[in-house]
Amino acid sequence: MLAGDLYDASAPEIQADQAAAKDWMVRYNAALALPPGERRKLLQERLAAVGDGAVIRPPFHCDYGYNINLGDGVFLNFNCVILDVVAVTIGDKTQIGPGVQILTADHPRDGAAREAGLEFGSRSISAATCGSAAAR
């Protein structure tokens, strides 16, 4: 999956990882009213790296979480979606506006492979000291 190879998203280990991420998202997204320090602890439970001062405002959605790396001072506003089939690194001081989607999951163009339910990660995403906003 991380190498960009085709994989079967219905495989038991992948389904287990997605179920764990869903359980975590239920807890994280219910934590909007908690102090930032408490939400940070939740982020550290699931994400690969959480830099100093990194903030994600719930609700937040991801495929796995463990492929997401946040640098220092990263800010993701409400309703961010990261489909982290491959590594996603968001560098220091990057600000991402509400409703932004970072999508690395892709599907084969070949009909037989698509019908078989195969998927792949399209590329690793990395951003540093930039801003991104949803279309208005």
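Colleague: How far apart are the end C-alpha atoms of helix H1, and what span should its 18 residues have?

Modeller: This is a predicted model, so keep that in mind. H1 covers residues 12–29, and at 1.5 Å a residue it should span 26 Å. Its end C-alpha atoms are 25 Å apart, which agrees.

Colleague: OK, and which residues of H1 are buried?

Modeller: Those are Ile14, Gln18, Ala21, Trp24, Met25 and Tyr28. Looking down the axis of H1, they fall within an arc of 120 degrees, so they line one face of the helix.

Colleague: What do they pack against?

Modeller: The buried residues of H1 pack against helix H2 (36–46) and three strands: S1 (7–8), S3 (55–56) and S4 (60–62).

Colleague: Which exposed residues sit on the face turned away from that buried side?

Modeller: Pro12, Lys22, Asp23 and Val26.

Colleague: New topic. Where is Asn77?

Modeller: Asn77 is in the loop between strands S6 (75–76) and S7 (80–83).

Colleague: Is Asn77 buried or exposed?

Modeller: Buried, with a relative accessible area of 14%. Setting aside neighbours within four places in sequence, Asn77 is in contact with Arg57, Ile96, Gly97 and Pro98. With Arg57, there's also a polar contact of 3.5 Å between the side chains.

Colleague: Last one: how many disulfides does the structure hold?

Modeller: Zero. Take Cys62: the nearest cysteine sulfur is that of Cys80, 9.7 Å away. A disulfide needs the two sulfur atoms within 2.5 Å, so that pair doesn't count.

Colleague: Are those two cysteines buried or exposed?

Modeller: Cys62 is buried at 6% relative accessibility, and Cys80 is buried at 0%.

Key. Residues numbered from 1 in each chain as written. Predicted model: local features only at pLDDT ≥ 70, side-chain atom pairs only at ≥ 80, totals over all residues. Heavy atoms only, no water. Helix = DSSP H or I, 4+ residues; strand = E, 2+ residues; numbered from the N terminus. Expected span 1.5 Å × (residues − 1). Buried < 20%, exposed > 50% of the residue type's maximum accessible area, 1.4 Å probe, protein only. Arc of directions from axis to C-beta. Contact = heavy atoms within 4.5 Å. Polar contact = N/O pair within 3.5 Å; in protein donor to acceptor, adjacent residues only side chain to side chain.
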